[in-house]
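This report looks at charged side-chain pairs and at backbone angles in one protein chain. The sequence and the model are shown first, and the discussion follows.

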Amino acid sequence: MALPARMTFIATDGAGAPEVMQPAIGPLPVPKPDEVLIQVLAAGVNRPDIAQRQGSYPPPPGASPILGLEVSGEVVAAGNAVTNWKTGDLVCALTNGGGYAEYCSAPASQCLPWPRGYDAIRAAALPETYFTVWANLFQGGQLARGETALIHGGSSGIGVTAIQLAHEFGATVFATAGSAEKCSACVQLGCDAAINYKSEDFAARIKELTGGRGVDVILDMVGAPYATRNIRSLAMDGRLVLIAFLGGSKVESFDLVPVMVRRLTITGSTMRPRTTAQKAQIATELLEKVWPVLDTGRCGPVVHATFPLHQVAETHKLMESSEHIGKIMLTVG
């Protein structure tokens, strides 16, 4: 099919409030030899998008300045080095940017097929959280069957994914969330117990739930305010995995003795600066181990709300309010 010369995308006029994002018209991206061009049907909204809009998370060199790290849609063109996708294929993709647009290019190795029975919105809700959870909870945190995990922010897109996959692969799962409704949602998703962090000390509750042993892995997006309690909540040989610092990154008066005494590991990562080869390895493992589960209808994304592309500011306001449970999505086209 003939492609249009220009497309609608969301431009960001400097850093600031959600209103700095406005629809604009510009040329289609040109896929590199190892990339596909996707006609976007839906795109996910994620915390890194908010950070980029606010000016604290600039795109890496060579990445699109347009917001948006995950899309679903139809492949409409492919670079000459692409062999695994063809025009007409329906894919979801972890992008390096550019998702808030009618067309987006992405490395072919960062694309995955729509799971069986999925529509565009559910497919677009997968890449950012599933890549992040697999890389951090299972690769970095090495969560294994029979172990115990604590997931902070259990009702977020990341949290919903982490709870379901940890439960699916045989772990005991605890989570924190900020309301009774959110805690109930966590339990319904497979959590063995959910802790309201506004009314309970999660470290004391974890000690009680584990008979004083602690958990094997903690997935944390809060950061500094939780640091000491996270260390107290880890079992011998426990692993703390950091993926964001929503509460700040600088910890004062941090006692390192428990790290030595209990052989603890503190690690973390960001997804966007990883190489295409590193992201491709995550995609390969997801296709092998997680996509068959999604094909059965289990462990799928929870979509809280969907907005048309021109209402993108409303999606950021909703995410910043933290009133959502699961994913916030954009429909495109």
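Glu314 and Lys317 form a salt bridge in which the closest N and O atoms are 3.5 Å apart, in a model that is predicted. Both residues belong to helix α10, which covers residues 312–321, and they are three residues apart, or about one turn of the helix. Glu314 is partly exposed, its relative accessible area being 36%, and Lys317 is likewise classed as partly exposed, at 35% relative accessibility. The pair does not stand by itself, since Glu19 is linked with Glu314 and Lys317 in a network of salt bridges.

Side chains of opposite charge can pair when their charged atoms come close. With a cut-off of 4 Å between a side-chain nitrogen of Lys or Arg and a carboxyl oxygen of Asp or Glu, the count for this model comes to twelve salt bridges. Three of them, including the pair in helix α10, are listed here with their N to O distances.

| Salt bridge | N to O distance |
|---|---|
| Glu314 and Lys317 | 3.5 Å |
| Asp237 and Arg263 | 2.8 Å |
| Arg205 and Glu200 | 3.4 Å |

The side chains of Asp237 and Arg263 meet at an N to O distance of 2.8 Å. This salt bridge links distant parts of the chain, with Asp237 in strand β12 and Arg263 in the loop between α8 and β13 (265–268), 26 residues apart. Asp237 counts as partly exposed, with a relative accessibility of 35%.

In the salt bridge between Arg205 and Glu200, Arg205 is partly exposed at 23% relative accessibility, and Glu200 is partly exposed at 30%.

The backbone raises a separate point. Most residues other than glycine have a negative phi. Where, then, does Ser253 lie, a residue with a positive phi of about 50 degrees although it is not a glycine? Ser253 is found in the loop between β12 (234–242) and α8 (257–261), and because its relative accessible area is 74%, Ser253 is classed as exposed.

Cys299, which is not a glycine either, has a positive phi near 60 degrees. This residue lies in the loop between α9 (276–295) and β14 (303–308). Is Cys299 buried or exposed? Cys299 is buried, because its relative accessible area of 8% falls under the 20% limit for that class. The two residues with positive phi thus include an exposed serine, Ser253, and a buried cysteine, Cys299.

Terms used
Residues are numbered from 1 along each chain as its sequence is written. This is a predicted model: local features need pLDDT of at least 70, side-chain atom pairs count only at pLDDT 80 or more; totals for chains, interfaces and linings use all residues. Side-chain values use heavy atoms; hydrogens and water are left out. Helices (H or I, at least four residues) and strands (E, at least two) are DSSP runs, numbered from the N terminus. Buried means under 20% relative accessible area, exposed over 50%, partly exposed in between (1.4 Å probe, protein chains only).
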